[in-house]
Amino acid sequence: MRMVDLILKKKAGEALSKEEIDFIITNYVNGNIPDYQMSALTMAICFQGLNDDEQFNLTKAMLESGDQLDLSSIDGICVDKHSTGGVGDKTSLVVAPIVSSCGLKIAKMSGRGLGHTGGTLDKLESIPGFNISLSTEDFFKQVKEIGIAIVGQTLNITPADKKLYALRDVTGTIENIGLIASSIMSKKLASGAHSIVIDVKVGDGAFMKTIEDAKKLASALVSIGKRFGRNIEAVLTDMDSPLGENVGNANEVIEAIETLKGHGPATFERLCKKLSCEFLLMTNYCKTEEEAYKLIDEKITSGAALNKLKEMIKWQGGDPKVIEDYSLFPQQKKEIKVLSVQDGYIKRLEALEIGVSAMLLGAGRENKEDNVDLSVGIKICKKVGDYVSKGDTLAILYANEKGIDEAYNKVLNAYHFTNDKVKANDIIIDIVK
Ligand code: URA
């Protein structure tokens, strides 16, 4: 087989066989196929697409390129959640403790933030002492004992995807639904959980800008997962505006803690409860939505869900006192109010601009190697649908020295106004099963 023939085949719109896809992935990982040929192929895929069989075979080849976690020694039902990435997305920090307190097991490998999107690992590291690098043995022990662990990738998971994703990032070939779906699913399948909920973000701050594209991605993810025998569904959720009221790291963890205490922002709480409810239903842990929501509310009201987070923090070397004493989190030096320069109803608040502003303050990374300042971020004071007068505080920048002027202007420009009343979008758009 010659790579050039396979590039020509895809360029002509023909489907690649399993053997051809295996040949490509094996030889790309071991260095026999150079980046320039692989980028020609990914560009041809961007124009011609991948059919269902190709998506399945590409996922399988990437999955089998590295280690896979075998969770079968853990009693009970292991569940996993994935978000396609957004601004202010601390959902895992709430959903994982809730479902774990209900009796499901969460053995979760998370990622770091890049660009305008945050990552769960960075957020967790704002808890003093928190260790995201457990050995596989300690990871399993913790899940068996307390039913929850969130760690970074210690195993060599999907090296093919790592190499291919880095190439796609610099060759303008990220945005193809088949490539995105096989990239995400290869990693999720390698993490071993049997029941998976994918939060597919839609809108300004997300990969998928339209509901139509998000539905296509959701269907591709679910159909790949099912072909691998997994229990999977995708929930489409709104990412036109930032999620909740905080974007950053330490401030997002505080918001997650407040939500587990029952004082979270309404839209964020709705999303967390909905995702938790889906887990309880798909695993037959609860029979009806009513039963699931009742159980979730009980776990929040009784403090059981918050206690799960506390246990996880303790087991992973963090200081559990942060739950009660927020002054233990890294502290920023300055709080700068962003003031409205006009009156009106807020009709749009651009998630992307808020995410980029937080990154400029130091809360995110432009490049993989950059350090993150865990203390900085943005507090959203006014949201879509709110009425504001000139001089009102729209948002607060939690800042040190970096990026203040640029972030201030970006946050201000992220707000769009109208004279007419506005109804905010529902956070839950659709579910694909
Ligand atoms: N996230 C992934 O993991 N892979 C993609 O291709 C896009 C988003």
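How many Å separate the centres of domain 1 and domain 2, taken over C-alpha atoms? The separation of those two centres is 32 Å, and the rest of this report walks through the chain around them.

This is a predicted model, in which local features need pLDDT of at least 70, side-chain atom pairs count only at pLDDT 80 or more, and totals for chains, interfaces and linings use all residues. Residues are numbered from 1 along each chain as its sequence is written, and side-chain values use heavy atoms, with hydrogens and water left out.

## The whole chain

Let us start with the overall picture. The protein chain holds 16 helices and 13 strands; helices (H or I, at least four residues) and strands (E, at least two) are DSSP runs, numbered from the N terminus. Its radius of gyration is 22 Å, close to the 22 Å that the globule rule gives for 433 residues, so the chain is as compact as a globular protein of that length. Here the radius is taken over C-alpha atoms, and the rule is 2.2 Å times the number of residues to the power 0.38. Along the principal axes, the C-alpha atoms fill a box of roughly 65 × 50 × 40 Å.

Of the 433 residues, 57% count as buried. Buried means under 20% relative accessible area, exposed over 50%, and partly exposed in between (1.4 Å probe, protein chains only). The accessible surface comes to about 17,600 Å², and 48% of it belongs to carbon and sulfur atoms; these areas come from the Shrake-Rupley method with a 1.4 Å probe, and for residues only the protein chains shown count as cover.

Among contacts (heavy atoms within 4.5 Å), residues 24 or more positions apart account for 78% of those with a separation of 6 or more. As for charge, there are 53 positive and 61 negative side chains, and the centres of the two sets lie 1 Å apart. Lys and Arg count as positive and Asp and Glu as negative, while His and the chain ends are not counted. Each charge is placed at NZ of Lys, CZ of Arg, CG of Asp or CD of Glu.

## Domains

The chain is divided into domain 1 (3-49), domain 2 (78-323) and domain 3 (331-418), with bounds from an automatic or database domain assignment. Twelve residues of domain 1 are in contact with ten residues of domain 2.

## An enclosed helix

Helix α5 (residues 92-102) is largely enclosed by the rest of the structure, because eleven of its eleven residues are buried. Among them are Ser 92, Pro 97 and Cys 102. Just after α5, Gly 103 takes a positive phi of about 120 degrees.

## Two positive phi angles outside glycine

Thr 158 and Asn 284 each have a positive phi although neither is a glycine.

| Residue | Phi | Loop | Relative accessible area |
|---|---|---|---|
| Thr 158 | about 35 degrees | between β3 (148-151) and α8 (159-170) | 2%, buried |
| Asn 284 | about 60 degrees | between α12 (266-282) and α13 (289-301) | 56%, exposed |

## Four residues in their surroundings

Ile 313 sits in helix α14 and is buried, with a relative accessible area of 0%. Leaving aside neighbours within four places in sequence, Ile 313 is in contact with residues including Ile 127, Phe 130 and Pro 320. Ile 323 is another of these contacts; its C-alpha lies 9.6 Å from that of Ile 313, ten residues away along the chain.

Pro 330 is placed in the loop between α14 (304-315) and β7 (334-339) and is partly exposed at 29%. Its C-alpha is 8.1 Å from that of Ile 127, although the two are 203 residues apart in sequence. Not counting residues up to four places away, Pro 330 touches Ser 126, Ala 250, Leu 374 and Ser 375.

Is Ser 357 buried or exposed? At 0% relative accessibility, Ser 357 counts as buried. This serine lies in helix α15 (residues 351-361), and, apart from neighbours within four places in sequence, Ser 357 is in contact with Ile 378, Ala 407, Lys 410 and Val 411.

Finally, Val 384 lies in the loop between β9 (377-380) and β10 (387-388) and counts as buried at 18%. Not counting residues up to four places away in sequence, Val 384 touches several residues, including Arg 348, Val 422 and Ser 241. The C-alpha atoms of Val 384 and Ser 241 are separated by 7.9 Å, with their positions 143 residues apart along the chain.
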